[in-house]
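Reader: I would like to know what lies behind some of the terms used for a structure. Please go through them with me.

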Amino acid sequence: MPLLETRSVGVALGDVQVLWNASITVEPGEIVCLLGPNGSGKSTLMNSVSRLNRLVSGEIWFDGTAVHSLPPHKVPQLGVSHVLERHRLFPFMTVYENLLIGAGSVTDPAILKQRFERVYTLFPRLKERERQVANSMSGGEQQMCAIGRGLMSDPKLLMVDEPFIGLSPKFREEVTKTIQQLNRDGIAILMIEQNVRQALALSHRSYILKAGQIALTGRSADIAKSPQLEEIFFARKSGATTSVSPASAAH
Amino acid sequence: MSAPSVNKGLTFAGSPIKLRNIVLFFAGVGILYLIPQFLDGKPFELRLLTVIFLYAVMGQSWNILGGYAGQISIGHAMFFGLGAYTSTIAFLNFGVNPWIGGLLAVAVSALAGVLIGIPCFRLRSHYFVIATLVVAESIFLIFSEWSFVGAAIGLELPIRPSGWENFQFHRNKIPYYYIALTMLVVVTIFVIWMERSKIGFVLKGIRDDEDAVRSLGFSPLRYKLIAMAFSAGILGFCGTFYAQYVLLIEPPTVLFASISVIVALIPIFGGIGTVAGPIIGSVILLTISEYSRVHFSGSGRNVDLLIYGALIMVFAAYCPGGVMSMISSLRARFRKGAV
């Protein structure tokens, strides 16, 4: 049984439907990537799993629970953690406070201590910055803090919306390693990424969205070789370019 | 500075309150409790301080919802008025002791806050502000017409013998000072606790990023309603205090929009979302208003409003964080200069 399954999900933002018939699955232990051009519905699909928007059709199941009938604040308690786009830390709270709020309703000091230690082992830098206000850190550190905050609820599935956005190459590498590490620790990962090559290299399977529908799906390694990939992102038929090349214009 | 350990008390408080600050707080409170000894025969000063404490409490309670949770209300007079009317009606119609009436006022105002909050919290930012204004105005109009609550004439509390059991003091008004001061101390300690508790952090989270709070597994509506209940309940007791102090309540003095404005203005001026802000705001604004009232007497009744207006403009332009942010930026500059 898949850990997460969306069945024919349709989402409307206000009166405008932006996602149709989206069915995805995430198996335990997988890294799954949602790819697609801007505005194709990646974040909308992810937000629908954490119930931040309204479904017009379809169902969402997580670990045997019907997510589509839950209020948003109940979803994290199932073991779904969502790191929103652009990290969305609480800017005037310290790193420590941001992490603590991520633990949700957990109050047992022993469990909290364990979770803090796990995040600090993963990101030693966060421990150094424990008492620092979140918006005084660099973008990469803030992204780490956001992932750390997502881990504080001890999720089975971590959803990360554009973890690499605005990061330096050094931090990209660090975040990539972290995601792989978390996956080895048994957390399933659903992520959104703009950098297609990097995302395909990191993930096991991918879904490629276009204009609110899933256009292509399969193992990431296969998709990377697929001629359709270019077609989706650049809206051109592979092999048959419509533009005039300088060489032919010269004739 | 040594690297902090994984955390000590596992509370939401980032750092424990410094012992020095605790000592200063209680020393200050102690001095305030002694002041009435020197105010014999100075009714104006006594009244000024009593009113400052009362409005500081009102500012604190507004700040819970407006400052910490970021839900700006311009309708808080309704909770003040509902509190005043609750204890007064309970006393006039059922002979309920005003102290118990005060507790009833807390319950009624808190309940009203929750009932009003459920629909109004569906609205965000300025739409919420307008909704609170409209609800408060409707309650003002209803109470101005409703004969059971005295309509526009209001309700007069019968004079009872002075004494703690009657919550009435006639010749010697010092007990009102003690009651108002005690309210301020209790509410301030409550706000300090709340600010450092999980509730406080979730409220601040809602102010900064409501969707992020929701995605972390908290129901923003539930926490806003908690903040509203605290905020409205405290104002309810303030209403009872006012009724017992003035012994006459009428819609224009306890339910009117000007009270909503001053209650919001005090913490905004002093420093929104800070513990000291409402106290500083109340000291400065009420001192101005009481002295200008005396100085300009009848002809200058609204001079205080002119001064408020000017102050708001100056602060909005140069110091939107209020007096507290001015103090902290001055401190930062001083520290830099010292190094």
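Author: Below are some terms with their rules, applied to this model. The model is predicted, so local features need pLDDT of at least 70 and side-chain atom pairs pLDDT 80 or more, while totals for chains, interfaces and linings use all residues. Residues are numbered from 1 along each chain as its sequence is written, chains are lettered from A and ligands numbered from 1 in the order in which they are written, and side-chain values use heavy atoms, without hydrogens and water.

Reader: Why is the meeting of A:Arg88 and B:Asp209 called a salt bridge?

Author: A salt bridge needs a side-chain nitrogen of Lys or Arg within 4 Å of a carboxyl oxygen of Asp or Glu. The side chains of A:Arg88 and B:Asp209 meet at 2.4 Å, N to O, so the pair fits the rule. Across the interface of chain B and chain A, the rule finds two salt bridges.

Reader: What makes residues of chain B count as in contact with chain A?

Author: Contact means heavy atoms within 4.5 Å. By that rule 26 residues of chain B are in contact with 31 residues of chain A.

Reader: Which residues are on the side of chain B that touches chain A: nonpolar, polar or charged?

Author: They divide into eleven nonpolar, eight polar and seven charged. Ala, Val, Leu, Ile, Met, Phe, Trp, Tyr, Cys and Pro count as nonpolar, Asp, Glu, Lys and Arg as charged, and the others, Gly among them, as polar.

Reader: What is meant by the area that chain B and chain A bury?

Author: Buried area is the accessible area (1.4 Å probe) that two parts lose on being put together, summed over both. For chain B and chain A this comes to about 2600 Å², 65% of it on carbon and sulfur atoms.
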